[in-house]
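Please read the sequence alongside the three-dimensional view, and follow the paragraphs below from the cysteine links to the aromatic rings and then to a small piece of sheet.

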Amino acid sequence: MKFTFPFLCAVFMFVIFIQRSYGQPPNDTCVTAQTLVVGVGSCTSILYTNVAATTIGNPATPSCWSPNTMSNTVWFSFVATTADVEISTNFAGTLGNTQIAVYSGACGSLVQIGCQEDVNTIGGLLHTDVILHGLTVNNTYYIAVDGNGNTTGTFGVCVQQSLPIGPPLPIQDCAGAQTLCSPGALSVPDGVGGVGSTQEAPTCFGAPGERSSNWYTFTAATSGNLAFTITPTVAVDYDFAIFDTTTACLGTELSCNWSPALGANGTTGLGCPGGQCEPVLAVTAGQTYTILVDRFTAASNAGFALDFTGTTATFASPNPTFTATTACIGTATQFTNTTNGNFTYSWNFGDGFTSNLENPSHVFATAGPQSVTLLVTAVPGGCQNSITQTVTVNPLPTVNAGAGGSVCPGACINLVDLPMLLVLWALKLFK
């Protein structure tokens, strides 16, 4: 069958008319994706909408979306300027619960490389944030954004450069413990080991305390029992201690075992049989716990496996905390991360500027309360959580010395404004 050119044009115009009549967003499909520019050091966004968007031409529903449906999907694209980027949504607008997926490839043959529904559903944090590594510079990538379920509204979305994955951070001190995102088994290879920057000493350990240590921390999402088995790669003596570190390291010691574990495989832990094991430990939802695993046999370089079989409690996302100094407008506010563990950091200062530093400083352009958010991502593990706090920026003080007047040489004039009098009194006092 043959079609004339005028007929094809009429069909094309009819399709556009139908789309405009129903109000679909211009980025309703992958091939019409809105191009985003990768930011450096700051992130701002206009408001976009997924109202009346469709699922025409979409790939399969992203793996992490729940419920497992696409309903009103809109599309964005960006050209990678670096191998490491961070993609965030929900910067205001009426759509408070977005879900996103990131793809490589081309429209019609997309490959999912990133997905997130919520940062922390249990904590009610529906902001979505995905950090990607290993992207190919100059390649185009695609982002699908939808509302959870069938929700629609307006939202912001940003892409900005992120810090690359660095070498593993030290886990040989309580304050630098590896955050556990779930009670999955861990394996530590053979190696010399060490004690980190501080040689910490549980009460049951003999002098000088830890000898070759690894520290792990988690926050309990639900109350239950903590159980684990430490199995060395060869039968050498491993010891352990457990602390409640909800407020700080080392916190409160809860369990400690320094008994020799030189049986068939040298196992020790919580809930395993034998004198080298302690009973399971009850943990409470919302509390943070830290585990020290220490190799006593100094001449050995044996690693170990850490298995949490028997644990009934579940692990939550990390609990970020930070402090901020009080400053005047035009003066830098210093932010200090106080979250125990190994993380990457994403600060949103609420005025269009961000930072990836652990302890950044920032100069606000306006006085008054400022809403600042810190998002932490566990390394390794990838579990995330954020906290938002209000920081006060004070205006510059004003000084009023009273009404103006004329004075002759050698005469005096009274300054009646109390703040100024106090200043003059203080200057005379400390002269």
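Which cysteine forms a disulfide with Cys-30, and how far apart are their sulfur atoms? The partner is Cys-107, and the two sulfur atoms lie 1.9 Å apart, where a disulfide is taken to be a pair of cysteine sulfur atoms within 2.5 Å. The model is a predicted one, in which local features need pLDDT of at least 70 and side-chain atom pairs count only at pLDDT 80 or more, while totals for chains, interfaces and linings use all residues. Residues are numbered from 1 along each chain as its sequence is written, and side-chain values use heavy atoms, with hydrogens and water left out.

A search of the whole structure finds six disulfides, and the one between Cys-30 and Cys-107 is left-handed because the torsion about its S-S bond is about -80 degrees. The pair links distant parts of the chain, with Cys-30 in the loop between helix H1 (5–22) and strand S1 (34–36), and Cys-107 in the loop between strand S5 (98–106) and strand S6 (109–116), 77 residues apart; helices (H or I, at least four residues) and strands (E, at least two) are DSSP runs, numbered from the N terminus. Cys-30 has a relative accessibility of 8% and so counts as buried, whereas Cys-107, with a relative accessible area of 26%, is partly exposed. In these terms buried means under 20% relative accessible area, exposed means over 50%, and partly exposed lies in between, with a 1.4 Å probe and protein chains only.

The surroundings of Cys-30 also bring in Gly-57, since the C-alpha atoms of Gly-57 and Cys-30 are 7.5 Å apart in space while the residues are 27 apart in sequence. Gly-57 belongs to the loop between strand S2 (48–49) and strand S3 (74–79), and its relative accessibility of 68% is why it counts as exposed.

Two further disulfides can be followed along the chain. Cys-174 is joined to Cys-249 with an S to S distance of 2.0 Å, and this link is left-handed, with -80 degrees about the S-S bond. It, too, links distant parts of the chain, Cys-174 lying in the loop between strand S10 (157–161) and strand S11 (178–179) and Cys-249 in the loop between strand S16 (238–244) and strand S17 (252–257), 75 residues apart. Cys-174 is buried at a relative accessible area of 1%, while Cys-249 is partly exposed at 33% relative accessibility.

Strand S17 itself holds a cysteine of another link, for Cys-256 in that strand and Cys-204 in the loop between strand S12 (186–188) and strand S13 (213–222) form a pair that connects parts of the chain 52 residues apart. Their disulfide has an S to S distance of 1.9 Å and is left-handed, with -75 degrees about the S-S bond. Here Cys-204 is partly exposed, with a relative accessible area of 26%, and Cys-256 counts as buried at 16% relative accessibility.

From the sulfur links we turn to the aromatic rings. The structure holds 19 aromatic pairs, a pair being rings of Phe, Tyr and Trp (its six-membered ring) whose centres lie within 6.5 Å, with planes under 30 degrees apart counted as stacked, over 60 as edge-to-face and the rest as tilted. The rings of Phe-308 and Phe-315 have their centres 5.9 Å apart and their planes at 85 degrees, and therefore the pair is edge-to-face. Phe-308 is buried at 3% relative accessible area, and Phe-315 is buried at 9% relative accessibility. In the pair of Phe-335 and Trp-347 the ring centres are 5.5 Å apart and the planes stand at 50 degrees, so this pair is tilted. It links Phe-335 in strand S26 (residues 333–337) with Trp-347 in strand S27 (residues 343–348), 12 residues apart, and both Phe-335 and Trp-347 are buried. Ring pairs also link Phe-218, Phe-228, Phe-240, Tyr-289, Phe-308 and Phe-315 into a cluster.

Phe-335 leads on to the sheet, because Strand S26 is part of an open, antiparallel sheet of three strands in the order S24-S26-S29, as strands pair if DSSP finds at least two bridges between them. Strand S24 (322–324) and strand S29 (361–362) stand at the edges, each with a single partner strand, so one side of each is left without a neighbour in the sheet. S24 and S26 pair in the antiparallel sense over three bridges, and Ala-324 stands opposite Phe-335 in S26.
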